[in-house]
Amino acid sequence: MGERILLIDDDSRLAAMVSEYLAGAGYRVATAASGETGLERLAKEPYDALVLDLSLPDIDGLEVCRRLRARSDVPVLMLTARGDAMDRIVGLELGADDYLPKPFEPRELLARLKAILRRGKRAAKDPVLTFGRLEIDRGARAVLVAGKEKPLTSFQFALLVALAENAGRVLSRDALMDLIRGEKLDAFDRSIDVHVSRIRAAIEDDPKKPRRIITVRGAGYVFARQQT
């Protein structure tokens, strides 16, 4: 049996095209034409991933994502026809795992869907990463230092996981964004430095003298293998 995908999009022609393409790739696809209907389906049935349009007739995709993340960690691929980079940033911070601008090639949709499904399986298989007093629980999407939980946005959590899974390797901003979203760095993603600062504020003993996430000047960041 193929993995179950829910597509929330009010464009019936696009929904039919995507459903047919994903079904041909072995997935079982259900559709919903509104945000409220989609949330009702998600509450009643288990899905392996959600493909979510940003522009919906009742509540928008950002609100759907916000409500969903209050109770579920199902991987979310957000579709957007909007050119405003802020929508994409907000979507990622609310918990979307990736986004894909419209119009798109079905092959790219499939590739991105496979990527977020793989990340979800990897986290479920070995959910907790431990570095000294720092624990990163990928299954529960929680970060603890000495047993105390540290709040991070979904995007910051994904960024920390990408660094931790590659501990000891210097990662450029491009490499980090490629690991998180599977695409090259856009101009607006320079805010990654701001997110790193906020992560440091949450997990470092002294954010001004970081020992977990270290800046390599001119190259990027490295997550320390050995930590206390």
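This report describes selected strands, helices and loops of a predicted model.

## The parallel strands around β3

Strand β3 covers residues 49–53, and five of its five residues are buried, so the strand is largely enclosed by the rest of the structure. Burial applies to both of its faces. On one side lie A49, V51 and D53, and on the other lie L50 and L52.

Strand β3 pairs with two other strands named here. With β1 (residues 4–8) the pairing is parallel and runs over four bridges; within it, I8 of β1 has L52 of β3 as its bridge partner. With β4 (residues 76–80) the strand also runs parallel, again joined by four bridges. In that pairing, L50 has V76 in β4 as its bridge partner.

## A32 in strand β2

Residue A32 belongs to strand β2, which spans residues 28–32. Its relative accessibility is 4%, and because buried means under 20%, A32 counts as buried.

The surroundings of A32 include residues remote from it in sequence. A32 and L7 are separated by 25 residues along the chain, yet their C-alpha atoms are 6.3 Å apart in space. Leaving aside residues up to four places away in sequence, A32 touches L6, L7, I8 and D9, as well as T37, G38 and R41.

## Helices α2 and α3

Helix α2 (residues 35–44) packs against helix α3 (residues 61–69) at an angle of about 20°, and the two axes are 10 Å apart. Because angles under 35 degrees count as roughly parallel, α2 is described as roughly parallel to α3. The contact involves G35, E36, L39 and L42 from α2, together with V64, R67 and L68 from α3. The crossing of α2 past α3 is right-handed.

Helix α3 also contains R69. This arginine is buried, with a relative accessible area of 15%. Apart from residues up to four places away in sequence, R69 touches V74, P75 and V76, and also L94, G95 and D97. One of these contacts, V76, is the residue that serves as bridge partner of L50 in β4.

## A cis peptide bond before P103

The peptide bond from K102 to P103 is cis, with omega near -10°. P103 is placed in the loop that connects β5 (98–101) with α5 (106–125).

## The antiparallel sheet β6 to β9

A sheet of four strands is open and follows the order β6-β7-β8-β9, with antiparallel pairing. Its edge strands are β6 (128–131) and β9 (148–149), each of which pairs on one side only. Strand β8 (residues 142–145) pairs with β9 in the antiparallel sense over two bridges. In one such bridge, V145 has K148 of β9 as its partner.

The loop between β8 and β9 holds A146. Phi of A146 is near 55°, a positive value in a residue other than glycine. A146 has a relative accessibility of 56%, and because exposed means over 50%, A146 counts as exposed.

## Helix α6 and its neighbours

Helix α6 consists of 12 residues, numbered 154–165. From the first C-alpha to the last, α6 reaches 16 Å, close to the 16 Å expected at 1.5 Å a residue. Of its 12 residues, 10 are buried, so α6 is largely enclosed by the rest of the structure. The buried residues are S154, F155, Q156, F157, L159, L160, V161, A162, L163 and A164.

The sheet described above is a packing partner of this helix. As well as strands β6 and β8 of that antiparallel sheet, α6 touches β7 (134–137), and the direction of α6 makes about 115° with that of β7.

A further partner of α6 is helix α8 (residues 192–203); the axes of the two helices come within 10 Å and cross at roughly 85°. Because angles of 65 to 115 degrees count as roughly perpendicular, α6 is roughly perpendicular to α8. At this packing site, F155, Q156, L159 and L160 in α6 meet I192, H195, V196, R198, I199 and I203 in α8. The four contributing residues of α6, F155, Q156, L159 and L160, are included among the buried residues of that helix.

Conventions. Residues numbered from 1 in each chain as written. Predicted model: local features only at pLDDT ≥ 70, side-chain atom pairs only at ≥ 80, totals over all residues. Heavy atoms only, no water. Expected span 1.5 Å × (residues − 1). Buried < 20%, exposed > 50% of the residue type's maximum accessible area, 1.4 Å probe, protein only. Pairing = 2+ DSSP bridges. Contact = heavy atoms within 4.5 Å. Axes fitted to C-alpha atoms, helices over the stretch in contact; angles between N-to-C directions. Parallel < 35°, antiparallel > 145°, perpendicular 65-115°, else oblique. Left-handed = near helix turned anticlockwise from the far one by under 90°.
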